[in-house]
Amino acid sequence: MSGVRIIFQGDRLWLSSAPALPEVEAELRLRLPEGHLALKVAEDHPLPEGVEALSLREAFPRMDPEDWARAGRAYQWLEWAAAHRFCGTCATALEPCEGPEAGHGRRCPACGRTVFPSNAMAIIVLIQRGEGPDRDLALARSPHFKPGVYSAIAGFTEPGESLEQAVHREVAEELGIRVHRLRYFGSQPWPFPNGLMVAFVADHLDGDLRPDPGEIEDARWFRLDALPQLPSALSIARWMLDAAVAEGAVGRLPGA
Ligand SMILES: [Zn+2]
């Protein structure tokens, strides 16, 4: 399907009870690579009748996952376009790159610098200890989580760092332990505002949990069959935890 219009007002997505969104005056219009049209309307634009403006997190349970992912992509493109209007070197207004090889970048007409849409890369790692259904998982809570929710360790990569190095560094910094045997789990575009979350499972190597008080409110080993409240189904953290629980349940079947 192509040609869908996706409208954001600030970081809120317009959802309509009608089949199509109304025509609007937009301050930013962007044709996305897949052919959809992303629009950003002014903060003070009145909300048309039958339209709600919801954050992407609020919209998630109300939307088909594919539509939600498309809205998340549109948001990332709009955010990038809004944040790259001027050259970072000489402050001249950027222009769209031209020609068949131009991609979706922007070019500075004064100094020639080009910029292309990019992701902030982040890692998330589910750390386990023990085997089969008797595994423990190291989960932590950050002060901005909802009360009672624990999740896997996550953090942004630094320039010049591999994903694996970022995992080892984040685990050491945030939990004070070491891990080994990293396995790739999957990845998820994370539109808050422009991330790509790359998920790993790893085994505990050594060290006792010593959470970084600056970032982590509490960290503990939880048995697979006694997990705390988990993050919402929106995030790859939850998909990893669900996969770990499902594997543990298989291990508990008679004869398994
Ligand atoms: Zn420039």
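Me: How are the donor residues of the zinc ion spaced in sequence?
Reply: The spacing is C-x2-C-x17-C-x2-C. Keep in mind that this is a predicted model.

Me: Which residues are they, and at what distance in Å?
Reply: Cys87, Cys90, Cys108 and Cys111 coordinate the zinc ion, each through its SG atom, at 2.3 to 2.4 Å.

Me: Why is the arrangement tetrahedral?
Reply: Because the 4 donor atoms subtend angles of 100 to 120 degrees around the zinc ion. For four tetrahedral donors the ideal angle is 109.5 degrees.

Me: What about Cys87, buried or exposed?
Reply: Cys87 has a relative accessible area of 6%, so it is buried. The cut-off for buried is under 20%.

Me: And how much relative accessible area does Cys90 have?
Reply: Cys90 has 33%, which means it is partly exposed.

Me: Different topic, then. In what order do the strands of the open sheet come?
Reply: The order is 6-7-8, so to speak of the 3 strands by number, and their pairing is antiparallel. Strand 6 (95-96) and strand 8 (114-115) are the edge strands, each pairing on one side only.

Me: How many bridges hold strand 6 and strand 7 as a pair?
Reply: There are 2 bridges between strand 6 and strand 7, the latter being residues 106-107. At one position, Pro96 is opposite Arg106 of strand 7.

Me: Now strand 4. Where is it, and how many of its residues are buried?
Reply: Strand 4 covers residues 37-41, and 5 of its 5 residues are buried.

Me: Which way do those residues point?
Reply: Leu37, Leu39 and Val41 point one way from strand 4, while Ala38 and Lys40 point the other way. In a regular strand, side chains alternate between the two faces of the sheet. Lys40 is buried along with the others in strand 4.

Me: What does strand 1 do with strand 4, parallel or antiparallel?
Reply: Strand 1, residues 5-9, pairs with strand 4 in the parallel sense, over 5 bridges. Arg5 has Leu37 as its bridge partner in strand 4.

Me: How many bridges join strand 3 to strand 4?
Reply: Strand 3 (residues 28-31) is joined to strand 4 by 4 bridges, and the two run antiparallel. Here Arg29 stands opposite Leu39 of strand 4.

Me: What lies between the strands in that hairpin?
Reply: The hairpin of strand 3 and strand 4 has 5 residues between the strands. In this hairpin Gly35 takes a positive phi near 100 degrees.

Terms used: Residues are numbered from 1 along each chain as its sequence is written. This is a predicted model: local features need pLDDT of at least 70, side-chain atom pairs count only at pLDDT 80 or more; totals for chains, interfaces and linings use all residues. Side-chain values use heavy atoms; hydrogens and water are left out. Two strands pair if DSSP finds at least two bridges between them. Donors are N, O and S atoms within 2.8 Å of the metal (3.2 Å for Na, K and Ca); water is not among the atoms, so sites may look incomplete. Four donors count as tetrahedral if all angles lie between 85 and 135 degrees; four count as square planar and six as octahedral if opposite donors are over 155 degrees apart and all others between 65 and 115; anything else is irregular. Buried means under 20% relative accessible area, exposed over 50%, partly exposed in between (1.4 Å probe, protein chains only).
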